[in-house]
Amino acid sequence: MRTKNLKGMVRLSALAGLAASSLVLAQQAPDRGIVNVAGDLYRAHNNAHNTVFLVTSEGILVSDPINRDFAQWLRGELASMYDVPVRVVAYSHHHWDHASGGEVFADTAEVIGHETMPGALALPSADTPLSDDAAALDANGNGQIEESEASGNLAGQFALIDADGDGMLTGAEIARGPLSDVHPPSTVYSDTRTITLGGKSVELIHIASEHSPDMTVLRFPDEDALFFVDIISVRRLPFRTFPGVVDADGWIETVRSVEALDFSIAVGGHGDIGTKEDVADHREYIEALRDAVAAGIADGQSIEELQAGITMDEYSDWGSFNWLGENIAGMYRMLGGDN
Ligand SMILES: [Zn+2]
């Protein structure tokens, strides 16, 4: 890791005299790496996204592929380190920023997701109208968004949204989201599934979560470790305004159901590698935020007053602490604050 960073710095300084566009390209090269978690379990990262893989004598199990470029990089790294192929890809959930690119492993791997994942990937009905935001971009009024009309996320993720690759985004494609590079699972499971490979085992456990219906955590009994994504982060604030989550107490119950599992080492799809204590800390953060925002609402405070008054100082060394204002806004929304 240290060597790689050093090389990156040398490369950047060597580029300092070159055209600005080259420098931008160099700065955008993703930060990637692999660290051992415990035993045969490793964590690999692509910028702020983490996945895990387990190495056995008969093959490798990979959790989220994250995206196609990363998956190709990881496949190359694994091929250079081990003489067994990837035999299993096990998704945490279907969201594009964790689940894209699984096709890279599909020639050798069984691809496994929760039984609700295929439905979550399905296109809604073809007559789904453009959302209001998209309709505002439809300059020629043909009911679809061409690349020349797209802006914002629709432009940045055009190919991932364009499920049939015809160069136009329909209302149904936009409603589904940027999922076109998420390889559908070849097998699904319902409550739990134990995978055995090369004498090792991995448990897939479905967790009820508003974040995503197909949420799965992976338990590695030999390593005493658990991998979870998006419902909990280790020593990092939860994401912005908690999109998709509407019930604070339900979210806390989700975290408690993870705490009830048997593990010591906690690995998140975001944030650090930690312990079960860190999972409890994350729940206590959500509870403290809920209580502080509820007290402010009962006091008649506005969202701005809450953002000015709630400091959550004891968490100031956590990652993404600058999301606190958005966290307060998300909690305010969940607790029924009225602006
Ligand atoms: Zn997600």
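This report describes strand E3 and its two neighbouring strands in a predicted model, and then turns to a residue of helix H11.

Strand E3 spans residues 49-56, and because 8 of its 8 residues are buried, this strand is largely enclosed by the rest of the structure. In a regular strand the side chains alternate between the two faces of the sheet. Both faces of E3 are covered, with His 49, Thr 51, Phe 53 and Val 55 buried on one side, and Asn 50, Val 52, Leu 54 and Thr 56 buried on the other.

The pairing of E3 with strands E2 and E4 is set out below.

| Strand pair | Sense | Bridges |
|---|---|---|
| E2 (residues 41-46) and E3 | antiparallel | 6 bridges |
| E3 and E4 (residues 59-62) | antiparallel | 4 bridges |

Within the pairing of E2 and E3, Tyr 42 has Phe 53 of E3 as its bridge partner, and Phe 53 is among the buried residues of that strand. The hairpin of E2 and E3 has 2 residues between the strands, and in this hairpin Asn 47 adopts a positive phi near 50°. On the E4 side, E3 is joined to E4 by a hairpin through 2 residues, and Leu 54 stands opposite Leu 61 in E4.

Elsewhere in the model, helix H11 (residues 276-298) contains Ala 294, which counts as partly exposed at a relative accessibility of 34%. The separation between Ala 294 and Asp 64 is 230 residues in sequence and, from C-alpha to C-alpha, 36 Å in space.

Key
Residues are numbered from 1 along each chain as its sequence is written. This is a predicted model: local features need pLDDT of at least 70, side-chain atom pairs count only at pLDDT 80 or more; totals for chains, interfaces and linings use all residues. Side-chain values use heavy atoms; hydrogens and water are left out. Buried means under 20% relative accessible area, exposed over 50%, partly exposed in between (1.4 Å probe, protein chains only). Two strands pair if DSSP finds at least two bridges between them.
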